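Colleague: I'm new to reading protein models, and I'd love a guided tour. Could we look at this one together?

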Amino acid sequence: MSQSVPQVRPTGLSQAEALERLRTDGPNELPTAKPRNLLQQAWEIVRQPMLLLLLGAGTLNFVLAEPLDGAILMSFVVVVIGISIYQEHKTENALAALRDLSSPRALVIRDGQQVRIAGRDVVRGDVVLLVEGDRVPADAVLVDGVNVSVDESALTGESVPVRKTVGSGDPDDEAMGEPGGDATPWVFSGTLVVKGRAIALVKGTAANTELGRIGSALRTIPQERTPLQREVDRLVRVIAVLGLVVAVAVAVIYGLTRGVWLQGILAGIATAMAILPEEFPVVLTIFLALGAWRMSQKHVLTRRTPVIETLGSATVVCVDKTGTLTMNSMTVRELLVDGSTHALDGRPLPAEFHPIVEFGRLASPLDPFDPMDQAFEDLADTYLPATERSHAGWELVREYPLSEELLALSHVWRSPSGSDFVVAAKGAPESIADLCHFDETAVARLTTLVDAATAQGQRVLAVARAALRAEGGLPSDQHDFDFEFIGLAALHDPVRPGVAQAVAECARAGVRTVMITGDFPGTALAIAREIGLDAEGGCITGPELRTMSDTELAHRIRTVSVFARMVPQQKLQLIRALKSNGEVVGMTGDGVNDAPALRAADIGIAMGARGTDVARESAALVITDDDFASIVGGIRQGRGIFDNLRKAMSYTIAVHLPIVGMSLIPVFVADWPLVLLPVLIAFLELIIDPACSVVFESEQIDPMVMEQKPRGLGEPLFGRRVLTIAVLQGVFALLAVLAVYLWAVLGNRPDDVVRSVTFATLVTGNLALILVNRSWTLPVWRTFRERLNRTLKWILLGGSALLLTVLLVPPFRAAFNLGPIGPSDWAVAIGAGVAGVVWFEIYKVVAGRSRAT
């Protein structure tokens, strides 16, 4: 393979030429958009409807001389702005990570001298020197090299390094091809040299590299707001407008009917406070923030919290095979010697299989980078420790590298105790057969064995040995050795533990798994069958995909679950095809090649331990333990979060209806006293806010949540059934409170006593609504027994204590414009508050019987 290439000047570029090209082409790093300052970022965030509502509610509290409540609401605004800016900075780190990866240190020839420079200073036309362990600094073409293999998995998803050869033409005229090809002269920025040494001529830098094109695609993919965010935005806008209109109407009606305009304005403000559900944005923020924390306990880090609720709606999870379904490390799975097969499953290795392990190790480098070489080293360490076959102290005399004509290498060794040579060869089965001078019958028999192994997704290498007396010297070519064939070794990238169970769990949850990989179709289909993935629809390859129209792809992708030999642009194309079919798409991956698809998917899920920085920064979720099974936990958590969020939002609607009703009804009768003054509404918020944001968030996830179908992409948070139940809860609670209010008014009670007994009923009904909404299927007594919630008792005790304090302690009673009430009043208030929710407990029982039948 080694040869000189006269077209490349041995002196490389001059320093002056390099500086001129650096000035013309720019540094070897990806361009970035002009960053926005903090004020610009904050303004973009504050313009969101949820934040505007929080600001409005906080301002109302300040106007009403309630600085504590106003400060609390304003603090939510500050927290949300801070979190949003932080998350925006995190997403920008994707391009920063890509720039770091594309700009390693580089050894180049300048003015005839080897110079170590920063990767960002490499320019087009530079001559770069590469050795094992080097990160390629730019896209380049090989002009000289020995036994070169490069790990391009970050670009292709292919776990096995590819062999590189010297280009046959003028390197100045050589055009770059695609990554992933075997025996090609192209090396790509950001890839890793795992074997050999080479000299390469730089053809492209920065945005003109394969990494640069991925970065460009990454920047053009916008971040979309989740369906829940859009729904809450619409709801907030509608309620805000309605609340302001009603508040103005109340103030005007009160002033016209009673002639007391100051009280009318106060009534209008109270109505606005009652109608404006500032809990909505607070609940959404807290649920997603605490949900992110809970998911982190299950090895799932959340980079963009709104995507948590989308996770529960996922209908398709696209999986990158290498490093996600598999371990991304080659392992010897079977040995075939003299017609016998031994599966390496932990059993002792029979003696007849020792030679293939011994010579496979001798044919590997001492400190291997290549995964297949590492597999043979691990095999020898496992099965041949501390024996005469471990060869400690042996001397490597010569290496015969792979060549274009012969895909096999040989190592010549001398033992400390002898002068003769021992030769070990390893390589492609057909090449080792050539070295062993097989006849046609032997080659056909060998081909049958190899085909059977490759059909199972395995890669097969052959091993041979030879001996040579030292007196004769070493030949110039491997063919001159008298090789003896030892056997075959079948290698595979093992499936991660628990993956098959995770795929089955996803299927039961109505979530389809799709494999997208850069590997070969046979390997992909074999892995698919091993993990229980649907492979009945066959496999679509990258070349086949190039010939498909968008319409045909959208049709085929409904039934095909395995996609092989994919390049980054095609992964992005598949994600878009799935989304065009109405799917909610989750995408898992760990390589640079996955970054655009991770950004384009509804839910980008990166592998944290083995994944690249680019993948992690591009994703919405990061799996810290690289366990695909954690995806199932994430989906379960996402569904549970949404389920509890819907309960909290429904409770918020239900509890606001009696508040709004009791703020409006007394306005229209001149002789009736106002019940809910602004200070009392603020008091109610002390119960409502923690109840809807903390109690419901702390509810345990329904065990049956994974047996349900994913929530439809267009399904609203408040479907017809959910909204109907929430409204009915609020109406019945309002009727109960109104009944007590009329009982007190018609009984000629003083205004402050009417206000007290009505307020006690309202607080009692509020606490009752919390209890019945913990579960929409289990009765209250079963929720106490089966659903642990450590925060519930504090809300119940705290709400009850506050109510008793403001009604029984005279100074507080006076401050809240309330009057004293007796035992009978307490009995009526508590009984009515509980009676307002009894119907829902009956509904649960009836609905449960209907489901059972």
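Colleague: Does D493 count as buried or exposed, and why?

Modeller: Happy to help, and keep in mind that this is a predicted model. Residues under 20% relative accessible area are called buried. D493 has a relative accessibility of 7%, so D493 counts as buried.

Colleague: Where is D493 placed?

Modeller: Look for strand β16, which covers 484–492, and for helix α16, which covers 499–508. D493 is placed between these two elements, in the loop.

Colleague: Which side chain does the side chain of D493 join in a polar contact?

Modeller: Such a contact needs a pair of N or O atoms within 3.5 Å. For D493 the distance is 2.7 Å, and the partner is the side chain of T326.

Colleague: Which helix gives the most to the largest nonpolar core?

Modeller: Nonpolar side chains tend to be buried together in soluble globular proteins. Here the largest nonpolar core has 78 residues, and M515, V562, I603, F628, I635, M649 and L769 touch the most other members. Eleven residues of this core come from one helix, spanning residues 629–664: α23.

Colleague: Which residues does L769 touch, not counting those up to four places away in sequence?

Modeller: L769 is one of the core residues that touch the most other members. Leaving out residues up to four places away in sequence, L769 touches Y651, A654, V655, Q729, A733 and V837.

Colleague: And what share of the protein chain counts as buried?

Modeller: The protein chain folds into 30 helices and 22 strands. Of its 853 residues, the share that counts as buried is 56%.

Terms used. Residues numbered from 1 in each chain as written. Predicted model: local features only at pLDDT ≥ 70, side-chain atom pairs only at ≥ 80, totals over all residues. Heavy atoms only, no water. Helix = DSSP H or I, 4+ residues; strand = E, 2+ residues; numbered from the N terminus. Buried < 20%, exposed > 50% of the residue type's maximum accessible area, 1.4 Å probe, protein only. Polar contact = N/O pair within 3.5 Å; in protein donor to acceptor, adjacent residues only side chain to side chain. Core = buried A, V, L, I, M, F, W, Y, C linked by side-chain atoms within 4.5 Å. Contact = heavy atoms within 4.5 Å.
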